[in-house]
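Trainee: I would like to learn how to read a model like this one. Where do we begin?

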Protein chains: 2
Amino acid sequence: MALIRPFQETDWPAVWSILHATFQSGDTYANSPQSTKAETHLAWVELPAATFVACSPDGQVVGSYMLKPNQPGLGGHVCNCGYVVAPEAQGQGIASAMCEHSQTEALSMGFLAMQFNLVVSTNERAVRLWKKLGFTVVGTLPRAFRHQRLGFVDALVMFKELAS
Amino acid sequence: MALIRPFQETDWPAVWSILHATFQSGDTYANSPQSTKAETHLAWVELPAATFVACSPDGQVVGSYMLKPNQPGLGGHVCNCGYVVAPEAQGQGIASAMCEHSQTEALSMGFLAMQFNLVVSTNERAVRLWKKLGFTVVGTLPRAFRHQRLGFVDALVMFKELAS
C-alpha cells in the first residue's frame, strides 16, 4: 500500500527522475522529452495548487501527482491533475490510489469536477483506469498527440463531476 | 472591412478596454471579471506566441486576437486562439475575419490544428460562427462554465484540422 503525502522539496530529485523518465518515453505526456529540470519544477511544483507524492512502505518515492485549476476564474471550479508512477512500480495500484486521493483533495479544496485534457488514446491502461474511476470520455481530439513511436494519434478529453 | 495587423504596445489601452468589458460581462470568457490589467496583459500579450488587432477604416482598434500552442511539446502542433470584439463593433464580421486570419497565421507558424477549450454553450453566436468556419464540436464539458447570470452551464471543446 502506498502512503500519499504532500510533496516536500527534498522529494524533488526522486520526482524529477520519474517525470524525466516519463516525458522521455514520449508516449503519455505532452511535455517535451527535452523538458529541463527547471521548467519541469515550474510545471509540476510551482504552478499547481498542490503536489503530492506516493511512497512505498520503505519510504521511497514511487509516484507523484499535481492538482491545479484547469481554467481561470469562471472555469476555475474544474481542476486538472497529472499523475506519474516510477517505471519499476507500475501495476501496483499506485496511479489508482493517487487518483482517488486527488479526488478527495480536490473536493476539500472546493473543486466540483476534474478534467484530463490530453489522455493519449493509445495509452490504453490509463484510459481503462480513468474509466474505472468514474471518468467519461467527453471528446476525441483528432491527431492531437505526436507519439514518439506511432506518430500523430488521437487524444481524449476525460471528465468527472465530483459533486452534484 | 477591418484591417488586421500585429499588436503594438501602443494598442494596449484600446485592447485592454475591450478585454475588460468582455471579461466583466462574465458570459463568454473564463477569465475572472476581476482580472487586473497586468494579469490580462500577461495572458493576452506576453504569454501567447502572437497577438493581433483588428482596426476600423479610421484606424480605431475594434478587436484583437491571440494565438498560442494549446499544449507543450508533443501537443504543441495544435494551437489555441482567443478573439474579442468591441461591444460597439459587434455584428460586422470582425470575429469572422480575425478567425480566418488566425488560421492562415497558425499554418504559417507551423501549427496543424486549432482547438478552443471552453466555448460557452450559451454563446450561440460564437458556436454558430466557429461551426461556419469549419470547427467541429468534439466534446461537451458538463457545467464547466460559471455564467454570471445563468449559473453553471456546459462548455464545448471545438477543433479544426488546418492541414491534412
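**Reading helices, core and interface**

Mentor: Start with a helix pair. Helix 1 of chain A and helix 2 of chain A are roughly perpendicular to each other, because their axes cross at roughly 100 degrees and angles of 65 to 115 count as roughly perpendicular. Keep in mind that this is a predicted model.

Trainee: Within what distance do the axes of helix 1 and helix 2 of chain A come?

Mentor: They come within 11 Å. Helix 1 covers residues 12–25 and helix 2 residues 37–46.

Trainee: Which residues make that contact?

Mentor: Helix 1 of chain A offers A:Trp12, A:Val15, A:Trp16 and A:Leu19. Helix 2 of chain A answers with A:Lys37, A:Thr40, A:His41 and A:Trp44.

Trainee: How should I read the spacing of residues along a helix?

Mentor: An α-helix has 3.6 residues a turn, so residues three or four places apart point the same way. Now take helix 3 of chain A, residues 94–108. Its buried residues are A:Ile94, A:Ala95, A:Met98, A:Cys99, A:Ser102, A:Gln103, A:Glu105 and A:Ala106.

Trainee: What do the buried residues of helix 3 of chain A pack against?

Mentor: Strands 1, 2, 3, 4 and 5 of chain A, and helix 4 of chain A.

Trainee: What span does helix 3 of chain A reach?

Mentor: Helix 3 has 15 residues and reaches 21 Å from first C-alpha to last, close to the 21 Å expected. Just after helix 3, A:Gly110 takes a positive phi of about 100 degrees.

Trainee: Next, the core. Which members of the largest nonpolar core touch the most others?

Mentor: A:Met158 and B:Met158, in a core of 97 residues. Leave aside neighbours within four places in sequence: A:Met158 is then in contact with A:Phe116, A:Val119, A:Trp130, A:Phe135, A:Thr136, A:Val137 and A:Val138.

Trainee: How are the two chains related?

Mentor: Superpose them. A turn of 180 degrees, with a shift of 0.0 Å along the axis, lays chain B on chain A with an RMSD of 0.0 Å. The two copies are thus related as by a two-fold rotation axis. The same surface serves both copies: 100% of the contact residues of chain B recur in chain A.

Trainee: Which residue of chain B comes closest to the rotation axis?

Mentor: B:Gly139, with its C-alpha at 2.0 Å.

Trainee: How many residues does the contact take from each chain?

Mentor: It takes 25 from chain B and 25 from chain A. On the chain B side, strands 5, 6 and 7 each supply at least two residues. Strand 6 of chain B gives the most, with eight.

Methods:
Residues are numbered from 1 along each chain as its sequence is written. Chains are lettered from A and ligands numbered from 1 in the order in which they are written. This is a predicted model: local features need pLDDT of at least 70, side-chain atom pairs count only at pLDDT 80 or more; totals for chains, interfaces and linings use all residues. Helices (H or I, at least four residues) and strands (E, at least two) are DSSP runs, numbered from the N terminus. The expected span of a helix is 1.5 Å times one less than its number of residues. A residue is buried if 20 or more other C-beta atoms lie within 10 Å of its own, exposed if 12 or fewer, and partly exposed in between; C-beta atoms are placed from the backbone. Two residues are in contact if their C-beta atoms, placed from the backbone, lie within 7 Å. A nonpolar core is a set of buried Ala, Val, Leu, Ile, Met, Phe, Trp, Tyr and Cys residues joined through C-beta atoms within 7 Å. Copies are superposed by least squares on the C-alpha atoms of residues with pLDDT of at least 70 in both. Axes are lines fitted to C-alpha atoms, for helices over the stretch in contact, and angles run from 0 to 180 degrees between N-to-C directions. Angles under 35 degrees count as roughly parallel, over 145 as roughly antiparallel, 65 to 115 as roughly perpendicular and the rest as oblique.
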